[in-house]
Amino acid sequence: ESMLDELAHAAGKDPYQYRRALLKKHPRTLKVLETAADKAGWSKPLPKGRGRGIAVHESFGSYIAQVAEVSLDSKGQVRVHRVVCAVDCGRIVNPDTIRAQMESGITFGLSAALYGAITLRNGRVEQGNFHDYQLLRLNAMPDVEVHIIGSTDPPGGVGEPGVPPIAPAVANALFAVSGARLRSLPLTPEKV
């Protein structure tokens, strides 16, 4: 999804519109993309110093789109302010579970995207547990909106599909705000 964003910019196209054109024959993916962009206010300007990025994903019979809104502080530290997620996971059985799974997937994905470095010293992993492996803290958690698309298709998965699109959505938002293309995780200040 980050590469697709790069292709859109190379073509001089808006990243959202570029994806829309590619997804005309994929109605479920197109619907989540359009819903996430609409609910995030994709076409509305952001405050100075903020950028938006978008990404879509399909797995386990579910379709996900996420829009991330980010900023950078003076040291290049990434702050994710808002994430808008649209999900089509087929027939809705329990919307609260779907929402909770998307929120937790976004949280897990943001931890990996922003902090998920494993380092080695003398051939051994330095991180032993959560005391020395940073996770997303409550004070860094963005506002998350989950929009569930009604469907009569068979139910899909909601555990894993919320994770993959968040890192590229944040990386694409970082490009929008800074002009820096980050192509590896974690998205650290040194790379910005």
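Which residue of β3 does I64 stand opposite? In this predicted model, I64 faces V87 of β3, and the close-up views below take up that sheet, the helix packed on it, the cores, and several loop positions.

**View 1. The open sheet holds four strands in the order β1-β2-β3-β6, with mixed pairing.** β1 and β6 are the edge strands, each with a single partner strand, so that one side of each has no neighbour in the sheet. From one strand to the next, the twist averages 15°. Strand β2 is mostly covered, with ten of its eleven residues buried.

**View 2. β2 and β3 are paired in the antiparallel sense over ten bridges.** Two of the facing positions can be picked out here: Q66 stands opposite C85 in β3, and I64 stands opposite V87 in β3. The two strands form a hairpin with five residues between them, and in its turn G76 has a positive phi of about 85°.

**View 3. β1 and β2 also pair in the antiparallel sense, over ten bridges.** R50 has S71, in β2, as its bridge partner. The hairpin formed by these strands has two residues between them, and F60 takes a positive phi near 55° there. F60, which lies in the loop between β1 and β2, is a residue other than glycine with a positive phi value, and its side of the story is completed by its exposure, with a relative accessible area of 55%.

**View 4. Helix α3, residues 27–40, packs on the sheet and touches β1, β2, β3 and β6.** The direction of α3 makes about 140° with that of β3. The helix has 14 residues and reaches 20 Å from its first C-alpha to its last, which is close to the 20 Å expected at 1.5 Å a residue. Among the buried residues of α3 are R28, T29, L30, V32 and L33, and T35, A36, A37 and A40 are buried as well. The cover over the buried residues of this helix includes α2 (15–22) together with the strands β1, β2, β3 and β6. After α3 comes G41, whose phi is positive, near 70°.

**View 5. The largest nonpolar core has 31 residues, of which V80, L110, L114, V170 and L187 touch the most other members.** At least two residues of this core come from each of β2 (62–72), β3 (78–88), α4 (95–115) and α5 (166–178). In soluble globular proteins, nonpolar side chains tend to be buried together. L187 can serve as the centre of the view: leaving aside neighbours within four places in sequence, L187 is in contact with V78, A113, L114, A167, V170, A171, L174 and L182. Another core, of 17 residues, lies apart from the largest one, and its members include L33, W42, V56 and Y63.

**View 6. The peptide bond from L185 to P186 is cis, with omega near -5°.** P186 belongs to the segment after α5.

**View 7. N122 has a positive phi of about 55°, although N122 is not a glycine.** The residue is found in the loop between β4 (120–121) and β5, and at 76% relative accessibility N122 counts as exposed, the cut-off for that term being over 50%.

**View 8. F130 is found in the loop between β5 (124–125) and β6.** Is this aromatic residue buried or exposed? F130 is exposed, because its relative accessible area of 57% falls in the range over 50% that defines the term. F130 and V170 are 40 residues apart along the chain, and their C-alpha atoms are separated by 23 Å; V170, for its part, is one of the residues that touch the most other members of the largest nonpolar core.

Definitions and conventions: Residues numbered from 1 in each chain as written. Predicted model: local features only at pLDDT ≥ 70, side-chain atom pairs only at ≥ 80, totals over all residues. Heavy atoms only, no water. Core = buried A, V, L, I, M, F, W, Y, C linked by side-chain atoms within 4.5 Å. Buried < 20%, exposed > 50% of the residue type's maximum accessible area, 1.4 Å probe, protein only. Contact = heavy atoms within 4.5 Å. Expected span 1.5 Å × (residues − 1). Pairing = 2+ DSSP bridges. Axes fitted to C-alpha atoms, helices over the stretch in contact; angles between N-to-C directions.
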